[in-house]
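Colleague: I am new to reading protein models and would love a close look at a single part. Could you walk me through the largest pocket and what surrounds it?

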Amino acid sequence: MRFHRYIATAGALGLACSLAGGPALADPADQGRTAAQPGEGIEAGDTAFVDTTVATLWGEPDQTRPMDEPSTTNPVDLDQWNKNMEKTEDRGWLTGHTETQAVYGSEVSVIETKGDWSKVAVNDQSTPKDDRGYPGWVPTGQLIENQSFDEQKDSSQRAVVTSDKAALTGDSGEDGNNLNLSFNTELPVVSQDGSSVQVGLPNGGTGSVQATDVSVYAPGEKPERPTGEQVVETGKQFDGLRYLWAGVSSYGYDCSGFTYSMYRAHGIDIPRDADAQAEFGQDVAEDDLQPGDLLFFAQPGGTGAVHHVGMYMGDGKMIHAPNESTTVSVTDWKQWDSKDEFSGAKRML
């Protein structure tokens, strides 16, 4: 189980690139692609890709509330979902009901199907729970199969979203809207000019993003190894973003989703959850803390299970995503730790 916070009582319109309405859909036959309709033919053992701006993984199928509907459709409307959960208690309900999220184009392994839902493992999110990746249930209609897209991701340059969000433009369909891609979304590059980058999409089509919103890497290339200060600067980009349990996107982060995502943006893969992150990296003494180090907190008094993680900024400050009533924020970490729950620090670089 993931524990991210102390529970006192006991992470723009995202439109799917479907054949009916995604950006710039080319004829799959003309391009030699093998994309199906979203959700079509998905079964256990398949490899599939996320076909919505962000897919939320749930603990069980069919346990969503009416207010969660904008997060379960294809297309999704994550702005509306966040608005539906303005009340802290509504947002807090997600604790124990959602597991993690996966951004557009993420690869997943299909473990099981049940009705309109599929249990998947997000391949790029490391966890002790499953060697294949982080597990959870998603509406099957948010997934799509496309072997050619898989091959394209392996062989092409990739564009990684570095802005908070990036508009994916093209033939936007009847409703006139386009996807608004999350930070850390990765898509294969088809072509580029001075102002825009054309990318391949899971449905076999193409779309364009502004060159200023992405970084482009050669196949297998990673960003330059960062300094801790650079990871902190990336985190500050999301100061004020509302907390979202299970969140790993610029539509909302939870505590470990935030630290995982900031390191991933710099090409450093760390585990998805706080307790697993606490077992990763190098131990750091409190008097040797440096920017970018991760601070862990446990109950009771720092001796129990890790339930929260933040990122040290220097000068006694920490940036973190505390809980559903707050936002990503900067604080004096010792003042914040009023219950003396500090349990240690790790260096990930």
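Modeller: Happy to, and here is a walk from the pocket out to the sheet beside it. Please keep in mind that this is a predicted model.

Let's begin with the space itself: the largest pocket holds about 700 Å³. Its lining is made up of 36 residues, and those closest to the centre are Asp124, Lys153, Arg158, Glu186 and Arg264. Sorted by class, the lining has 13 nonpolar, 12 polar and 11 charged residues.

Now, where do these residues come from? At least two lining residues are supplied by each of β3 (98–103), α5 (147–155), β8 (158–161), β11 (186–192) and α7 (255–264). Among these, α5 gives the largest share of the lining, with 4 residues.

Helix α5 is a good guide to the next stop. It lies across β11 and β12, and runs at about 75° to β11. Both strands belong to an open sheet of 5 strands, in the order β13-β12-β11-β8-β14, with antiparallel pairing. The edges of this sheet are β13 (206–210) and β14 (214–217), each of which pairs on one side only. From one strand to the next, the twist averages 45°. You can also find β8 in that order, a strand you have already met in the pocket lining.

For a last detail, follow the sheet to its β13 edge. There, β12 (residues 196–200) pairs with β13 in the antiparallel sense over 5 bridges. Try finding Gln198 on your screen: Ser208 in β13 stands opposite Gln198.

Conventions:
Residues numbered from 1 in each chain as written. Predicted model: local features only at pLDDT ≥ 70, side-chain atom pairs only at ≥ 80, totals over all residues. Heavy atoms only, no water. 1 Å grid on protein atoms, 1.4 Å probe; cavity = no way out; pocket = protein on both sides within 12 Å on 5 of 7 lines; lining within 4 Å. Points joined across faces, edges and corners; volume = space filled by probe spheres on them. Nonpolar A, V, L, I, M, F, W, Y, C, P; charged D, E, K, R; others polar. Pairing = 2+ DSSP bridges. Axes fitted to C-alpha atoms, helices over the stretch in contact; angles between N-to-C directions. Contact = heavy atoms within 4.5 Å.
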